[in-house]
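Here are my notes on the model you sent round. They go point by point, with the cut-offs spelled out where a term first comes up.

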Amino acid sequence: MKYGYIRPIVSDQQCTQQLNEHVMDTLFKETHGLAKKRTELEHLLMTVQKDDELYVQNIVVLADSLQELLDILRLAERDQINIHFVDEQVTNQSIQKFSLLQSATFFADLQSKFLSHSSTFSLQAAKQQGKSIGRPRKADDNLQLAFAMYDSKSYTLYDIKETTGISKSTLYRYLDDRSTSFSDDKE
């Protein structure tokens, strides 16, 4: 049988650009792009049998990490399933002949795609849950004290850190923000 698997990815969050040129006997569609609770993938992997064909638009649709890809490829080899990666134009049975440099470049690019995919969908999920994204803000009282100590030129950065708990890099980031907002106010 010929199976397809699609799921939201960074470049196609609605799954409208995946496997459009292929006819499948059964298409499994994941409802989210997160790494956990991929029930459709689990169901698919329990369904496929020897000599079945599995089509995915690209490797990132199927796996969230190199380790997960390796696990799926081992499973496919054991169960004698052929996986077709459409965008990469390879299968798990026949990969193009790459030089070591080309292979390293391919897998470094793949790792970047895994990280991009994972962070994009994790941030979206956190926002939907109402969680704040980014660095936590320092308390205004500590920040104002750090500004006053810095502006007085009587304290070292170490003194400021020990008193307020604000590190040098954090202080400079806030000072930069303060000078940017100050120059914006003048205009």
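1. Which residues does isoleucine 83 touch, not counting residues up to four places away in sequence? Isoleucine 83 touches Leu54, Val56, Leu62, Ile72, Ala76, Val90, Thr91 and Asn92. Contact here means heavy atoms within 4.5 Å.

2. Some ground rules. This is a predicted model, where local features need pLDDT of at least 70 and side-chain atom pairs count only at pLDDT 80 or more, while totals for chains, interfaces and linings use all residues. Residues are numbered from 1 along each chain as its sequence is written, and side-chain values use heavy atoms, with hydrogens and water left out.

3. On to the largest nonpolar core. It has 23 residues, and those touching the most other members are Tyr5, Leu44, Leu54, Val56, Leu62, Ile83 and Phe85. At least two residues of this core come from each of β1, α1 (39–47), β3 (53–56), α2 (59–62), α3 (66–79), β4 (82–85) and α4 (100–128). α2 supplies the largest share, four residues. A second, separate core has nine residues, including Leu143, Phe147, Ile166 and Tyr174. By nonpolar core I mean a set of buried Ala, Val, Leu, Ile, Met, Phe, Trp, Tyr and Cys residues joined through side-chain atoms within 4.5 Å. Buried is under 20% relative accessible area, exposed is over 50%, and partly exposed is in between (1.4 Å probe, protein chains only). Helices (H or I, at least four residues) and strands (E, at least two) are DSSP runs, numbered from the N terminus.

4. Next, the cavity. The structure holds one cavity of 30 Å³ or more, and the volume of the largest is about 30 Å³. Its lining consists of Leu45, Val48, Leu54, Ile72, Leu75, Ala76, Ile81 and Ile83. That makes eight nonpolar residues, no polar and no charged, with α3 giving the largest share, three residues. The classes are Ala, Val, Leu, Ile, Met, Phe, Trp, Tyr, Cys and Pro as nonpolar, Asp, Glu, Lys and Arg as charged, and the others, Gly among them, as polar. For the grid people: on a 1 Å grid over the protein atoms alone, a cavity is a set of points where a 1.4 Å probe fits but cannot get out, a pocket is an open set with protein on both sides within 12 Å along at least five of seven lines, and lining residues have an atom within 4 Å of a point. Points are joined across faces, edges and corners, and a volume is the space filled by probe spheres set on the points.

5. The largest pocket has a volume of about 250 Å³. Of its 16 lining residues, Leu69, Leu73, Phe85, Asn92 and Ile95 lie nearest the centre. Two or more lining residues come from each of α3, β5 (90–91) and α4, and α3 gives the most, with six. The split is 10 nonpolar, four polar and two charged.

6. The second largest pocket comes in at about 190 Å³. It is lined by 14 residues, with Pro8, Thr31, His32, Gly33 and Phe121 nearest its centre. Here the lining divides into five nonpolar, seven polar and two charged, and α4 provides the largest share, four residues.

7. Histidine 117 sits in helix α4 and counts as buried at 2% relative accessibility. A polar atom of the side chain of histidine 117 lies 2.8 Å from the backbone oxygen of glycine 33. Residues that histidine 117 touches include Arg7, Pro8, Val60 and Asp64.

8. Glutamine 18 is in the loop between β1 (2–6) and β2 (26–29), yet it is buried, with a relative accessible area of 4%. The side chain of glutamine 18 makes a polar contact (N or O atoms within 3.5 Å; within protein, one must be able to donate a hydrogen and the other to accept it, and residues adjacent in sequence count only if both atoms are side-chain atoms) with the side chain of aspartate 12, at 3.3 Å. A polar atom of that glutamine 18 side chain also lies 2.8 Å from the backbone oxygen of arginine 7.

9. Finally, two backbone angles to look at. Most residues other than glycine have a negative phi. Lysine 37, in the loop between β2 and α1, has a positive phi near 55° and is exposed at 70% relative accessible area. Aspartate 51, in the loop between α1 and β3, has a positive phi near 70° and is exposed at 52%.
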